[in-house]
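Visitor: Before we look, could you take me through the charged pairs and the packing, one question at a time?

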Amino acid sequence: MPINRSLAYTTALTALVCGCAPAATVQQGAPAPAGTTQAQSAPAALPLRFAAQPTVAQITPRDLMSRLYTIADDSMMGRQAGHRGNYMATEYIAAEFRRMGLEPAGENGTFFQTIPLYITELAEDAAFSVDGAPLRIGADVVPLPHMESRFTYVPRMQVQNAPVVFGGRLGGAMITDAQAAGKVVVMLPPMVDGQVNYRVWLAPQPQLPSAAAIVVASLDISSQGLRNLPFTISSGLIDPSSIPAQGPAGVLVSAEAARRMLGADPATLQPGAAGRARMSGRFNYAPRPADAPARNVIAVLRGSDPAVNGQYVGISAHNDHEGFAEQPFDHDSTVAYNTVMRPQGANDPVGTPTPAQLARIRALRDSLSRDGTRMDSVYNGADDDGSGTVALLEIAEAMAASGTRPRRSILFISHTAEEAGLLGSQHFSDHPTVPRDSIVTVLNMDMVGHGRAEEVRGGGPYSIQMIGSRRLSTELGGLIDALNGRRTPPMQIDYSWDATGHPANRYCRSDHFMYARYGIPITYFSLGYHPHYHMVTDEAQYIDYDHTARVASFLHDIAAEVANRPGRLVVDGPRQDPNAPCRQ
């Protein structure tokens, strides 16, 4: 779940934590939200392996389990977009759509829409220094790739002993291009709703084409995903030939590095103040084609009413995840650490455990590790978003097998490259395979596999988090609430994440937004963040399949009700420029 997603934060805890050789590492996450309690035990796990069984027409936990143990198996290699594992997953999804008798709705009579994905990696010779003293990549400095949804700086830099100048604050008063010419320009991060914000892309990019580099002093407050950029494979839809050849590079630095460059705290300076040091820097993000096609998978269940079956109720989830970790982790130590230190999941780094916490971690790990150390390097993505993917397939099979089809058509969309920045949904919504104005709504699922009270804030057997249901169509929100009121028992809907300006910014962080920007009513369904979020421990054995089945049944009924309405949903909410940045 990006746009501003925090990728898994990793560290090596010593043998004091895991009771194993120092080479075995534990994947750390984040502190629990204020006021939560520390969990004492992990939820009971299902078997590590499960033999898939033939599925039935009804939505069942056993069917979800059979599908997810396939989608999230190690053989899928983390399903990273542009790599073989994701290609294999999309083959499976298309085969299931074909078996159900759904219509292909991709390109050229197939179920697939291939997106023009390019991959970039930081060259190994990247280096930075201030007055000859090196800066550490990932800790003191992060060079930025060209990411069309966030950064459009030149993704390379070759600067030797360049002068430094303070440029001002992003989105506020700043220097002119003439003042920036040939210099490294240090900027403060933007103010958003009165607070300093690390999301530098929320402010207009400085128009300083003559600068050597734009350096933003925001690394200390940045998400771990931004800090990890130099060590990960980035993806984008930009053809390498269209990336600007001239202009400033983009770089994030720590507050201490900014002070070294300027000789003072930048917050105390006026725009145009000369720095007291010189900076050298060299980096290059070289793009290359993807290793395997990155594909959306699209199918249609044709509606029964010829008068309206050219309209579509969309149901979506994303089929990709994060691939491999750079190093293997001690799986059980990671479960134990995150169960104790972040029992209800967030995604920023935490400090060293206290002695009492360490004792609980050791005890829990010992209870899990009966067969020796289990090393793990695959980000299986069982919940994110394997759970949404298998729920999508269960809904599709239930609808296809029903003797009564809805009046409007159902559009099943399995997006690729969500983790790379919503690229699959961006491409589909920009280049839809059905008329864009024929899409009545899109109901998007992302992470619908963990909702236990001990794992998720506000969790419980009927919990669900919903975002966006009334933003573009109050009718859609009212329909969902009315339908839920008729359920026994009803789902316990948490709308708190939908608040305007919510710091998690989740309205902008999954595929539904790419439809909302075009004025298509959406709702985003999730069970929320949990200790396994973006961890190698996001495995099929930890999923709550009964809960996922309830979510899938809820979505099935919502889609059917929208599809059978006499008229289309009325769009009565504000519409944005489709090319403008998203702000919750």
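Visitor: How many salt bridges does a search of the whole structure find?
Guide: This is a predicted model, and the search covers the whole of it. One of the pairs is Arg-452 with Glu-455, at 2.9 Å from N to O, with both residues buried. The total found is 22 salt bridges.

Visitor: Which residues are linked with Arg-67 in a network of salt bridges?
Guide: Arg-67 in helix 2 forms a salt bridge with Glu-96, their closest N and O atoms being 2.4 Å apart, and this pair links parts of the chain 29 residues apart. Arg-67 also meets Glu-397 of helix 9 in a salt bridge of 2.5 Å, across 330 residues of sequence. The network joins Arg-67 with Glu-96, Arg-99, Glu-394 and Glu-397.

Visitor: Is Glu-397 buried or exposed?
Guide: A residue counts as buried when its relative accessible area is under 20%. Because Glu-397 has a relative accessibility of 8%, it falls below that cut-off and counts as buried.

Visitor: At roughly what angle do the axes of helix 2 and helix 3 cross?
Guide: Arg-67, Thr-70 and Ile-71 of helix 2 meet residues of helix 3 that include Ala-89, Tyr-92 and Glu-96. The residues of this contact divide into five nonpolar, one polar and three charged. The two axes come within 10 Å and cross at roughly 145 degrees.

Visitor: Which helix gives the most to the largest nonpolar core?
Guide: That core has 61 residues, of which Phe-97, Phe-412 and Phe-525 touch the most other members. Phe-412 is in contact with Phe-97 and also with residues including Leu-102, Val-297 and Met-399. With eleven residues, the largest contribution comes from helix 13.

Notes: Residues numbered from 1 in each chain as written. Predicted model: local features only at pLDDT ≥ 70, side-chain atom pairs only at ≥ 80, totals over all residues. Heavy atoms only, no water. Axes fitted to C-alpha atoms, helices over the stretch in contact; angles between N-to-C directions. Helix = DSSP H or I, 4+ residues; strand = E, 2+ residues; numbered from the N terminus. Contact = heavy atoms within 4.5 Å. Nonpolar A, V, L, I, M, F, W, Y, C, P; charged D, E, K, R; others polar. Core = buried A, V, L, I, M, F, W, Y, C linked by side-chain atoms within 4.5 Å. Buried < 20%, exposed > 50% of the residue type's maximum accessible area, 1.4 Å probe, protein only. Salt bridge = Lys/Arg side-chain N within 4 Å of Asp/Glu carboxyl O. Lists of a residue's contacts leave out its neighbours within four places in sequence.
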